[in-house]
Each structure stands twice: as C-alpha cells, then as structure tokens.
Amino acid sequence: MTPSTNVAKVTGMGVVTPTGTGVPAWTAALKTAATHYSVKAFHQGERVFSFPVAAVNDVDLLSLTAGLQVKEALLEKIRRLRHISRSTSYGIYCALEAWTDAGFNDADTDLTRVAIISGGTNIQQAALQAEQEKYREKLQFMNPNYGLNFFDTDLVGALSGLLGIRGEGHTIGAASASGNMAVIQGCRLLATGAYDVVVVVAPLMDLSVYEYQGFTALGAMAPWTEGATAADICRPFDAAHRGFVYGQSAGCIILESAAHAAGRGKTGYGDITGYGISLDANRSPHPSAEGETTAMLKALTAAGINAAQLGYVNTHGSSSALGDATEVAALLAAGLSGVKANSTKSLIGHGLSAAGLVECIATLIQINHGFVHANHNLENPISSDIDWIQQQAREAVIDYALTNSFGFGGINTAIILRKN
C-alpha cells in the first residue's frame, strides 16, 4: 500500500460534552467513564412526551472564553454578539478553545489562507421551533434575527468575524456522518495547497420535540419506559440494546498542513493519514455491511497500512440492534477480528451531526494518553470476535486508530488517525 502524502495534522481541539466542557475536563471524564443521562419531558397540550438524553449543562460563552485567556478585543466582540442560538454558541466556544489550543491567538497568520468548515445541517431546530411558537399569534413582531439563525452558515459568519478569517467557509451535511465528512473535507482543502489551516467545527445539533418523536417513531431512538433508569438505556453492542440515546455535544479541531505546522514548531495531537467514503445507493436508514466495509478498506488503503496495524477502533456504535450487528459484520469483513474497540456514544449519547468530530477528538485523547475508555453498559457483547473494552478502561499503546461514522441515506465514512 502507498500512503497518502497529504497528511493533515491536528494542532488544536475544543469540545463540549455532557460529561465535560473543554478538552482537559473531558479527558478526565473519558478516563473515569463518566456519564450524565437524564430524562427530558415535553408538554404538548395535555400530554407529556419523555425521552432519555445525555444533556449538557448550559454553556456561558463569555465566561468560558474569558477562561481561555484570550485578548480583550475578542471578548468585546463576544459581548456584542446578540441573538445567537445555543447551537452556534457551543460551536463558537469549541472553535475558540481549539484556536487557542493551536496557538493562533498570538500567531502572525495569513487569515486569507484559513478556511472554516461546519459539519451539520438543520442544527438549530429547537431554537427555531421555540421562536415559531413564540410569534405564532404576533408574526409581525418576529425577531428579524430569525432570518440569520435559520441558516446553518450563521456559525461560519460568526467565527469569521470573531477571528478575522477571510478564506473559504461553508457547511457540509451528511446526516450522522457530518462530523467525519467535515474533517474529510478539511483534509481535501489542505491538499489543494490553497489553505494552510482549516477550522473544522461541528456545532450542537439542538433537537425540538418533533425530532425526538420522529426518531423514536422511526425505531432509531430508544424509547423511554416509565420507571427505567436513564443511564441504563444506551447500550452499544450489548445484547439488550434497543436504539440510540440522543446526546448533546459539539467539537472543533484545527487541521494544519505539515509544512505550516513545522514552520510554527507544532507537532499537534496526531495526523489524519487516510479516509474512506462509500454510499449504499439506498435512501433507507438501514445500514449496509458492504458499504461500511468499503469505507474502512478505502481508509486503510489511503493511509498505506493494513488491518493488523490498527491498534484501536472508535466505532459508530449507536446502540441500534441492526446498526451494531451490521458494524460488527463490517469490522470482521475488513479484517479487524480481535481489534480493541469501544463506543464513545455509550458515555455521551449520540450527538448526531456532531458525533463523528467529537469522537475523533475522543480518539486523539486516547492515543495521546495511552488508554482506551470503558464502554458503558456493555455487559453481554453481541459478538466475541472483537476485543471489546467493557466496564474498565485499559492502558494501550496506539500507533494507528480508526474512527467510523455512518449516516442515514447510506453515507459511510472512516478516518485513520496516526500518533505523532
């Protein structure tokens, strides 16, 4: 196999999850396999609809950004932000943490050679639905900022303004594979030579009651049962799995060309050395082992390695009975029998469009800290052919890792990460 010469280095990271905001806090939470599950109730007329969720405590953008010790001029710009959605707010924090982490606050950087990619579409449904209900009977008084918040590009514009970025910017949608697809698109932009740095951000996908109920009616989201314990419902690869649990999360990584990073003396967290994408030619939400296998094999080929060289797989692992079984079949077909594997979704739920990017960050944390996190609720694995990390984290030396992310519409993605 011939490895790709277009290696993208990850030089900064930022994250918001139910168990930790900021990379240091979330690293600690991954090591202890912390969880934060609860039940969210929606009152619709006389009925109450309840759903399990891994929720984030509200993020105060200004105070968190001040904690990054950024310049006063940036804080003043944040103070002037008005009427941004929760989704945009989370995305901004993650990007600012990653930008600071990469050392760009004081760097002399050509901002015309910096691009922004935001992963995810239809990300602000809760905020939009709340505004629609608020002004239903007084439409003439509707806040004009609705016209800005409606577009997913609101985050791209906000970040461009805050950081002075003047290169390319856009959003990319691939359902639950959006986070991975944004990373892949970032690698492609770097490979063109037009950009030195790409800010890849996946904001919170903020669901309204209609998305909760729609996913549940579809059979994809695990239903809430009265008297159940919320923390017990999300069970990736366990025989008792019955659907995903939504988890609120957001993340950002800074991708940088190897030459540009070397010029700044930055080694970063790791390299993205290959990726694979495959479509199933099928609109249905049902997964395809063939498509998932193809994406993984493409990623291995692009990275110039074989399956035996992979030390760890961060699975898509949504906790869907069909999805988990299909992914196991695909892992085995790709030659990954016996590989160490877990599901970050077991700890923080399914972030939908943000999931892939947040799980990329989780993978880099594990590579750099030499461990593989526990898989919450994995008591009776559906297969003995994978080396599942169950109730206890393990120490591990990982040179190469694979992270999978699959989306409705038959979108399969896989990314290879290499330790520096």
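Visitor: Which residues point one way from β9, which point the other way, and are they buried or exposed?
Guide: In this predicted model, the residues of strand β9 can be sorted by the direction in which they point. Ala250, Cys252, Ile254 and Glu256 point one way, while Gly251, Ile253, Leu255 and Ser257 point the other way. Strand β9 covers residues 250–257 and is mostly covered, with eight of its eight residues buried, and so the answer for both groups, which rests on a cut-off of under 20% relative accessible area, is that all are buried.

Visitor: Which residue stands opposite Ile254 of β9 on strand β1, and which one on strand β7?
Guide: Strand β1, residues 8–17, is joined to β9 by eight bridges, and the two run antiparallel. Strand β7, residues 197–202, also pairs with β9 in the antiparallel sense, over six bridges. Within these pairings, the residue opposite Ile254 is Gly12 in the case of β1, and in the case of β7 it is Val199.

Visitor: Why is one side of β3 and one side of β8 left without a neighbour in the sheet?
Guide: Three strands form an open sheet with mixed pairing, and their order is β3-β4-β8. Because β3 (37–44) and β8 (246–247) stand at the edges of this sheet, one side of each is left without a neighbour there, and what each of them has is a single partner strand.

Visitor: About what angle does the direction of helix α9 make with that of β4?
Guide: Strand β4, residues 47–54, pairs with β8 in the parallel sense over two bridges, and Ala54 stands opposite Gly247 in β8. Helix α9, residues 209–218, packs on this sheet and touches β3, β4 and β8. The direction of α9 makes an angle with that of β4 of about 80°.

Visitor: Why is helix α11 called oblique to helix α12?
Guide: The axes of α11 (residues 289–303) and α12 (residues 321–333) come within 8 Å and cross at roughly 45°. Angles under 35 degrees would count as roughly parallel and those of 65 to 115 as roughly perpendicular, so the crossing of α11 and α12 is described as oblique.

Visitor: How many residues in the contact of α11 with α12 are nonpolar, how many polar and how many charged?
Guide: The crossing of these two helices is right-handed. From α11 the contact is made by Ala289, Glu292, Thr293 and Met296, and from α12 by Thr326, Glu327, Ala329, Ala330, Leu331 and Ala333. Sorted by kind, the residues of the contact divide into six nonpolar, two polar and two charged.

Technical notes
Residues are numbered from 1 along each chain as its sequence is written. This is a predicted model: local features need pLDDT of at least 70, side-chain atom pairs count only at pLDDT 80 or more; totals for chains, interfaces and linings use all residues. Side-chain values use heavy atoms; hydrogens and water are left out. Buried means under 20% relative accessible area, exposed over 50%, partly exposed in between (1.4 Å probe, protein chains only). Helices (H or I, at least four residues) and strands (E, at least two) are DSSP runs, numbered from the N terminus. Two strands pair if DSSP finds at least two bridges between them. Contact means heavy atoms within 4.5 Å. Axes are lines fitted to C-alpha atoms, for helices over the stretch in contact, and angles run from 0 to 180 degrees between N-to-C directions. Angles under 35 degrees count as roughly parallel, over 145 as roughly antiparallel, 65 to 115 as roughly perpendicular and the rest as oblique. A crossing is left-handed if the near helix is turned anticlockwise from the far one by less than a right angle, and right-handed if clockwise. Ala, Val, Leu, Ile, Met, Phe, Trp, Tyr, Cys and Pro count as nonpolar, Asp, Glu, Lys and Arg as charged, and the others, Gly among them, as polar.
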